[in-house]
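Biologist: Before I look at the fold as a whole, I would like a close look at how charged side chains hold parts of this chain to one another, with every cut-off stated where a term comes in. Please take the contacts one at a time and then place them against the strands around them.

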Amino acid sequence: NVENVSFAYEEDNQTLENVSLTVARGEFVGLVGPSGSGKSTIASLLARLYDPDEGAITADGTDIRDFPVRAWRERVALVRQSPYLFDDTLRANVAMDRDLSETGLREVASLARVTEFLSDLPSGFDTRLGDDGVKLSGGQRQRVALARALVSDPDLLVLDEATSDLDPRLDEVIHRGLRDLDADLAVVTIA
């Protein structure tokens with residue numbers, strides 16, 4: 001729950017003022033609004049990249065500031081519009097040093113629709129993507145970042161324009177898959 005949150009990046013320049021929002025387990029919440037209205041700031045606050053100046057963000061009744069930062073970030077996955085990919089293989093970019101079985105890799109790749117372009121890559125999951133995923137399109141990079149986020153098995157998935165480079169049909173297929181994935185997964189989608 002976001003409870004009466006206010007936040008400013010700079011003094012005298014309020015980004016959010018007295019904002020409240022409830023996201024329940026298993027719920028999809030969409031945030032829409034004009035550029036500069038604070039949607040990405042909410043995403044950053046949910047991921048605890050910043051703490052609110054006023055108000056609180058709570059999870060199961062506990063202020064998220066009471067969790068160690070690392071412990072909180074293990075519960076939340078944030079995918080941005082322009083994710084960074086490493087100059088490494090597709091497999092390494094998805095697994096991110098986690099112990100991930102081939103079955104687990106294929107499951108998250110399927111859900112994020114990475115499998116739709118996998119056969120176009122010369123070495124499949126073992127293809128080097130180049131610095132910042134230069135060998136992939138924007139939509140492909142977004143799907144790799146989504147697969148990476150799903151590997152962490154988050155309680156809260158925050159998608160900050162994370163599917164903006166996808167066509168509407170593919171976007172809907174991915175969102176439908178996320179809804180079917182886990183009844184307890186809360187998803188905040190920012191458009």
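Which residue forms a salt bridge with E116, and how far apart are the closest N and O atoms?

Modeller: This is a predicted model, in which local features need pLDDT of at least 70 and side-chain atom pairs count only at pLDDT 80 or more, while totals for chains, interfaces and linings use all residues. Residues are numbered from 1 along each chain as its sequence is written, and side-chain values use heavy atoms, with hydrogens and water left out.

The partner of E116 is R143, and the closest N and O atoms of this salt bridge are 4.0 Å apart; the term stands for a side-chain nitrogen of Lys or Arg within 4 Å of a carboxyl oxygen of Asp or Glu. The pair links distant parts of the chain, since R143 belongs to helix α6 and E116 to helix α5, 27 residues apart; helices (H or I, at least four residues) and strands (E, at least two) are DSSP runs, numbered from the N terminus. R143 counts as buried at 9% relative accessibility, whereas E116, at 40%, counts as partly exposed. Here buried means under 20% relative accessible area, exposed over 50% and partly exposed in between, with a 1.4 Å probe and protein chains only.

Elsewhere, salt bridges that share partners join R25, D60, R75 and D155 into one network. Within this network, R75 meets D155 with the closest N and O atoms 3.0 Å apart. Because R75 lies in helix α2 (residues 69–75) and D155 in the loop between α6 (138–151) and β7, the pair ties together parts that are 80 residues apart in sequence. D155 is partly exposed, with a relative accessible area of 31%.

Another salt bridge brings the side chains of D87 and R128 together at 3.7 Å, N to O. This pair also links distant parts of the chain, with D87 in the loop between β6 and α3 (90–95) and R128 in the loop between α5 (115–118) and α6, 41 residues apart. D87 counts as partly exposed at 40% relative accessibility, and R128 is partly exposed as well, with a relative accessible area of 43%. A search of the whole structure finds 17 salt bridges, so far illustrated by these examples.

R48, in the loop between α1 and β4, offers a polar contact with the backbone: its side chain reaches the backbone oxygen of F67 at 2.9 Å. A polar contact is a pair of N or O atoms within 3.5 Å; within protein, one must be able to donate a hydrogen and the other to accept it, and residues adjacent in sequence count only if both atoms are side-chain atoms. R48 counts as buried at 10% relative accessibility, whereas Y50, found in the loop between α1 (39–46) and β4 (54–59), is partly exposed with a relative accessible area of 37%.

The strands give these contacts their setting. An open sheet of 4 strands has the order β3-β8-β7-β6, with parallel pairing, where two strands pair if DSSP finds at least two bridges between them. Since β3 (28–31) and β6 (76–80) stand at the edges, each with a single partner strand, one side of each is left without a neighbour in the sheet. Inside this sheet, β7 (residues 156–160) and β8 (residues 186–190) run parallel and are joined by 5 bridges, including the one in which L156 has A186 as its partner in β8.

Antiparallel pairing is found elsewhere: β1 (residues 2–10) and β2 (residues 13–21) pair in this sense over 5 bridges, and F7 has L16 as its bridge partner in β2. These two strands form a hairpin with 2 residues between them, and D12 in the turn has a positive phi of about 65°. β1 also runs antiparallel to β4, to which 3 bridges join it, and S6 stands opposite E54 in β4.
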